[in-house]
Amino acid sequence: MNAKDKKFLKGLQTDFPLISRPFAALADETGDTEDEMLAYFKKLKADGILRYIATMFDLRKLGIVSSLIALRVPKSKISKTVKIINAYPNISHNYLRADTYNVWFTVSAASERKLKSILAEIRQKSGISDMLDLRTRQVFKSQAIFELK
Amino acid sequence: MSLKFNKKVVLGLSDPLELVSQPYKIVAERLGISEQRLLRIIRKYKSAGLIRRVGTVLGHFKAGYKCNALVMWQVEDAGLETAGKIFAGFPQVTHCYARQTYPDWPYNLYTMVHARNKNESQTIIKAMSTKAGITSYKIQFTVKEFKKIKSDLKEILS
């Protein structure tokens, strides 16, 4: 990522223009043409710097319930368990961590009942019963935003 | 306390915007409404807090933030709100959530801390600890990323 990328992408993490032709507006700021700006974004995407431009919702305000789940999985069962977990579209993040609880994933569902049934299924399919359901109580911050130095 | 919202519009907006001259128009056409109407709805949802933001999502690994740590803190209930706000104020903290505890699992505040390396991460975490006055915490660095996707609202809301 070069200096221009950083300067440019910084503000756009929170405020992509909500107008008919956003790339034209951004191009006006830099003295580029709209086509040049679109080509620039496509290159950022191809280079993996930009993942996507998205509308981020407050999932709780959409009535969605979510949790962070920690599992204690024996080494020999990690690969199988991860496969079971990752198959659910409701699970967005899943990480291996160096703790007694070693597999950590985030899960969201349209209702409490659905969330519980997903967790019950995972327990049943994986045979792993040692699970911490760290239910979300309050959100102080939820944004993948970085100070780009 | 769910606000009233149009599920079709929410789902229509849940796909990433296309990199074209009029990205909102594509979404509006799919929904069978005008581009201007869609933009009004987006602004309305944004001011209601239903939409947190419309913006670029960066590939953090390639952006140089290779080190991601989950830090769990044990905070007295009375100090939870204050600590949550202090941690949320750190730019390197992307997520800060209060969570349920259990008798053998006392951590009630969780932060995701992003840095370029472990040293930088530990410096940030120490600064957080000092600023909030919380000394009981556990750091868990990511050993391996098994999955990282944008929440699939179509699947979740269906």
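**Notebook: helix α2 and strand β3 of chain B**

I looked up what covers the buried residues of α2(B), and the list includes α2 (22–30) of chain A. From chain B itself, the cover includes α1 (7–13), α3 (35–48) and β1 (51–58). I note that this is a predicted model.

Next I asked which residues of α2(B), residues 23–31, are buried. They are Pro23(B), Tyr24(B), Val27(B), Ala28(B) and Leu31(B). Why do I say that they line one face of the helix? Seen down the axis of α2(B), they fall within an arc of 135 degrees, so they share one face. I then checked the face turned away from that buried side. It carries Glu29(B) and Arg30(B), which are exposed.

I followed the chain just past α2(B). There Gly32(B) takes a positive phi of about 75 degrees.

I moved on to strand β3 of chain B, residues 93–99. Is it mostly covered or mostly open? I found 6 of its 7 residues buried, so to speak of β3(B) as mostly covered is fair.

Then I looked up the partners of β3(B). Strand β5 of chain A, residues 131–142, is joined to β3(B) by 5 bridges, and the two run antiparallel. In β3(B), Tyr97(B) has Val139(A) opposite. Within chain B, β3(B) also pairs with β4, residues 109–115. That pairing is antiparallel too, over 5 bridges. Here Ala98(B) stands opposite Leu109(B) of β4(B).

Last, I looked up the domains of chain B. Domain 1 covers 7–48 and domain 2 covers 67–141. Their centres, taken over C-alpha atoms, are 36 Å apart.

Terms used. Residues numbered from 1 in each chain as written. Chains lettered and ligands numbered in written order. Predicted model: local features only at pLDDT ≥ 70, side-chain atom pairs only at ≥ 80, totals over all residues. Heavy atoms only, no water. Domains from an automatic or database assignment. Buried < 20%, exposed > 50% of the residue type's maximum accessible area, 1.4 Å probe, protein only. Helix = DSSP H or I, 4+ residues; strand = E, 2+ residues; numbered from the N terminus. Pairing = 2+ DSSP bridges. Arc of directions from axis to C-beta. Contact = heavy atoms within 4.5 Å.
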